[in-house]
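Visitor: I am new to this structure and would like to learn how to read it. Could you take me through a few of its features in turn?

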Amino acid sequence: MVKPITPKEAALEVQKSIPDFVISSFNDKIVEAIKNKSGIIDQKELVDLIVEKSEGRFKDQDVFDNGWLNVEELFADAGWILEYVKP
């Protein structure tokens, strides 16, 4: 019998769909922000890095279409609090 997915199960499925090069890009930008004593990661710079690390397989729009910036839950499990702030 099929059961409804739980919020935790849904979050795990989302996490599984995010490529390693996306997580690596976030990690790099977090380290860079800490080095610069800033808590802000520029979205454009992050997306550019993701595209670069994808080695040409993806473009900017693919990052958005695939929801690869929706990593709040993933990073929360690692102890981070990420917020998207529109200027």
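Visitor: Leaving aside its neighbours within four places in sequence, which residues is Gln 15 in contact with?

Guide: Bear in mind that this is a predicted model. Contact here means heavy atoms within 4.5 Å, and, with neighbours within four places in sequence left aside, Gln 15 is in contact with Glu 73, Leu 74 and Asp 77. Gln 15 itself is found in helix 1, which covers residues 7–16.

Visitor: Is Gln 15 buried or exposed?

Guide: A residue is called buried when its relative accessible area is under 20%; Gln 15 has a value of 17%, so Gln 15 is buried.

Visitor: How many aromatic pairs are there, and how are the rings of Phe 26 and Phe 75 arranged?

Guide: Rings pair if their centres lie within 6.5 Å, and planes that are neither under 30 degrees nor over 60 apart count as tilted. By this rule there are four aromatic pairs. The ring centres of Phe 26 and Phe 75 are 5.6 Å apart with planes at 45°, so this pair is tilted. The pair links distant parts of the chain, since Phe 26 lies in helix 2 (residues 20–35) and Phe 75 in helix 5 (residues 72–77), 49 residues apart. Both Phe 26 and Phe 75 are buried. Elsewhere, ring pairs link Phe 21, Phe 58 and Trp 68 into a cluster.

Visitor: Which residues of the largest nonpolar core touch the most other members?

Guide: Of its 15 residues, these are Val 22, Phe 26, Ile 50, Val 63, Trp 68 and Leu 69. Helix 2 gives the most to this core, with five residues.

Terms used:
Residues are numbered from 1 along each chain as its sequence is written. This is a predicted model: local features need pLDDT of at least 70, side-chain atom pairs count only at pLDDT 80 or more; totals for chains, interfaces and linings use all residues. Side-chain values use heavy atoms; hydrogens and water are left out. Rings of Phe, Tyr and Trp (its six-membered ring) pair if their centres lie within 6.5 Å; planes under 30 degrees apart count as stacked, over 60 as edge-to-face and the rest as tilted. Helices (H or I, at least four residues) and strands (E, at least two) are DSSP runs, numbered from the N terminus. Buried means under 20% relative accessible area, exposed over 50%, partly exposed in between (1.4 Å probe, protein chains only). A nonpolar core is a set of buried Ala, Val, Leu, Ile, Met, Phe, Trp, Tyr and Cys residues joined through side-chain atoms within 4.5 Å.
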